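Please open the model in a viewer and keep the selection panel at hand. The tour proceeds from the overall fold to individual side chains.

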Amino acid sequence: MDISPTRSQAHPWIWIVSIWFGFGLIGATQTVFVMRGEGMQHAWVRLFVTSVLSFLPWPWQRGW
């Protein structure tokens, strides 16, 4: 009898982080395009990375 956990049971948090990372990508892309469309001059890569990473603490703040 094999009692080892399946992949979905072993790391359920990876799906949560992946979903929030996806939200971060969408939000960061919108932020960069809107600011660039308005003619603002920023360090775009730094802004994009900061925006994406700002979404990742959400799963832990929610208690997941």
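Begin with the cartoon representation: along the sequence, the pattern reads α-α-α-α. The model is a predicted one, and the protein contains 4 helices and 0 strands.

**The whole chain**

Select the entire protein and display its surface. About 5400 Å² is exposed, and carbon and sulfur atoms supply 66% of that area. Colouring by relative accessible area shows how much of the chain is covered: of the 64 residues, 19% are buried. Next, consider the contacts with a separation of 6 or more; residues 24 or more positions apart account for 57% of them.

**Helix α2: the surface patch**

Select residues 13-37, which form helix α2. Then narrow the selection to W13, I14 and W15, and show their side chains together with the surface. These residues make a nonpolar surface patch of about 370 Å². Within this patch, centre the view on W15, a residue of helix α2. Is W15 buried or exposed? With a relative accessible area of 58%, W15 is above the 50% cut-off and therefore counts as exposed.

**Helix α2: I16 and its distant partner in sequence**

Move next to I16, which also belongs to helix α2. Its relative accessible area is 27%, so I16 is classed as partly exposed. Add L56 to the selection and draw a distance between the two C-alpha atoms. How far apart in space are I16 and L56? The C-alpha to C-alpha distance is 9.5 Å, while the two residues are separated by 40 residues in sequence.

**Helix α2: the aromatic pair**

The final stop concerns ring geometry. The structure holds 1 aromatic pair. Select W20 and F23: their ring centres are 5.2 Å apart and their planes stand at 70 degrees, so the pair is edge-to-face. The cut-off behind this assignment is an angle over 60 degrees between the planes. Both W20 and F23 lie in helix α2, 3 residues apart, which is about one turn of the helix.

Now return to the accessibility colouring for these two residues. W20 has a relative accessible area of 15% and is therefore buried, the cut-off for that class being under 20%. F23, at 41% relative accessibility, counts as partly exposed. The edge-to-face pair thus joins W20, which is buried, to F23, which is partly exposed.

Terms used. Residues are numbered from 1 along each chain as its sequence is written. This is a predicted model: local features need pLDDT of at least 70, side-chain atom pairs count only at pLDDT 80 or more; totals for chains, interfaces and linings use all residues. Side-chain values use heavy atoms; hydrogens and water are left out. Patches are made of residues with over 30% relative accessible area and no salt bridge: like charges are joined within 9 Å, nonpolar side chains (Val, Leu, Ile, Met, Phe, Trp, Tyr) within 5 Å. Accessible areas come from the Shrake-Rupley method with a 1.4 Å probe; for residues, only the protein chains shown count as cover. A salt bridge is a side-chain nitrogen of Lys or Arg within 4 Å of a carboxyl oxygen of Asp or Glu. Helices (H or I, at least four residues) and strands (E, at least two) are DSSP runs, numbered from the N terminus. Buried means under 20% relative accessible area, exposed over 50%, partly exposed in between (1.4 Å probe, protein chains only). Contact means heavy atoms within 4.5 Å. Rings of Phe, Tyr and Trp (its six-membered ring) pair if their centres lie within 6.5 Å; planes under 30 degrees apart count as stacked, over 60 as edge-to-face and the rest as tilted.
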